[in-house]
Amino acid sequence: MADILQELEERGYIEQLTHEEEIRKILNKESVRFYIGIDPTADSLHIGHFVALMVASRLQKAGHRPIILMGGGTANIGDPSGKTDMRKMMTKETIENNVASIKKQAERFVSFEGENAAIIVNNADWLLNLNFIDFMRDIGTLFSVNRMLSAECYKARLDTGLTFFEMGYMLMQSYDFLYLHDKYGCKIQIGGNDQWSNIIGRSRTNQKNRRR
């Protein structure tokens, strides 16, 4: 396989990443499953989604396998990143409608045919039925509140008010990675710079993998 990571760097798609050498090694060695998450907070993609989907397209053309994660579950909370106030809560019907609309648009960027066909999943399928106590025992204990509050997505909200409800977003997105790793063998997550704190939060759920 070609050095796809180098290509993405040359095209200006990469600002920061973890475990660069490990990522480069596996991308050059095998077909890797990776995922991009899209929260259906509207019925259409925006320019930020476009950039991430272009990365997904390039990775797929290099032989890797995309997982398009629709955030039908996390959209019930809403990502606090870049917001000065809590997002307006949407009805489940609105979320489901937005998921259906965005699915159709995402299909224009990645192929759902061939050996490395993309798949679409919806985290509502595993998040909405979680047992809260079990989830907090298994996942919540891996996260430090002090460390979470140092993340930009939360620091910017401290003066205007940050709810415990919103703090659950990082835990759930990190759990997404654990679920996709266990079920589909997903090894990499890609996303916008505003998602950096949420993306690196998955390293805590990896501790759960190591304890198994």
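Begin the tour by selecting I36, which touches A52, L53, I67, I68, L69 and I190, leaving aside residues up to four places away in sequence. The model on display is a predicted one.

**The core around I36**

Keep I36 selected and add L27, I38, L59, I68, I188 and I190; within the largest nonpolar core, which has 26 residues, these seven touch the most other members. Next, colour the elements that build this core: α1, α2, β1, α3 (47-61), β2, α4 and β4 each supply at least two of its residues. Which of them gives the most? The answer is α3, with 5 residues.

A second core, separate from the one just shown, contains 22 residues. To find it, select Y35, M170, Y175 and F177, which are among its members.

**The sheet**

Now hide the side chains and display the strands. The sheet is open and consists of 4 strands in the order β3-β2-β1-β4, with parallel pairing. Which strands stand at the edges? They are β3 (119-122) and β4 (188-190); each has a single partner strand, so one side of each has no neighbour in the sheet. Viewed along the sheet, neighbouring strands are turned against each other by 30 degrees on average, with direction ignored.

Move to the pair formed by β1 (residues 33-38) and β2 (residues 65-70), two parallel strands joined by 6 bridges. Within this pair, select G37 and find L69 of β2 opposite. L69 has already appeared on this tour as one of the residues touched by I36.

Then bring helix α4 (residues 92-106) into view. This helix lies across β1, β2 and β3, and runs at about 160 degrees to β2.

**A buried serine**

Select S174, located in helix α9 (residues 164-184). Is this residue buried or exposed? S174 counts as buried because its relative accessibility is 0%. Display its side chain as well: the side chain of S174 reaches the backbone oxygen of M170 at 2.9 Å. M170 is also one of the residues of the second core.

**An exposed loop residue**

Finish at H19, in the loop between α1 (4-10) and α2 (20-29). H19 counts as exposed because its relative accessibility is 52%, above the cut-off of 50%. Its backbone also deserves a look. Most residues other than glycine have a negative phi. H19, although not a glycine, has a positive phi of about 50 degrees.

How values were computed: Residues numbered from 1 in each chain as written. Predicted model: local features only at pLDDT ≥ 70, side-chain atom pairs only at ≥ 80, totals over all residues. Heavy atoms only, no water. Buried < 20%, exposed > 50% of the residue type's maximum accessible area, 1.4 Å probe, protein only. Pairing = 2+ DSSP bridges. Axes fitted to C-alpha atoms, helices over the stretch in contact; angles between N-to-C directions. Contact = heavy atoms within 4.5 Å. Core = buried A, V, L, I, M, F, W, Y, C linked by side-chain atoms within 4.5 Å. Polar contact = N/O pair within 3.5 Å; in protein donor to acceptor, adjacent residues only side chain to side chain.
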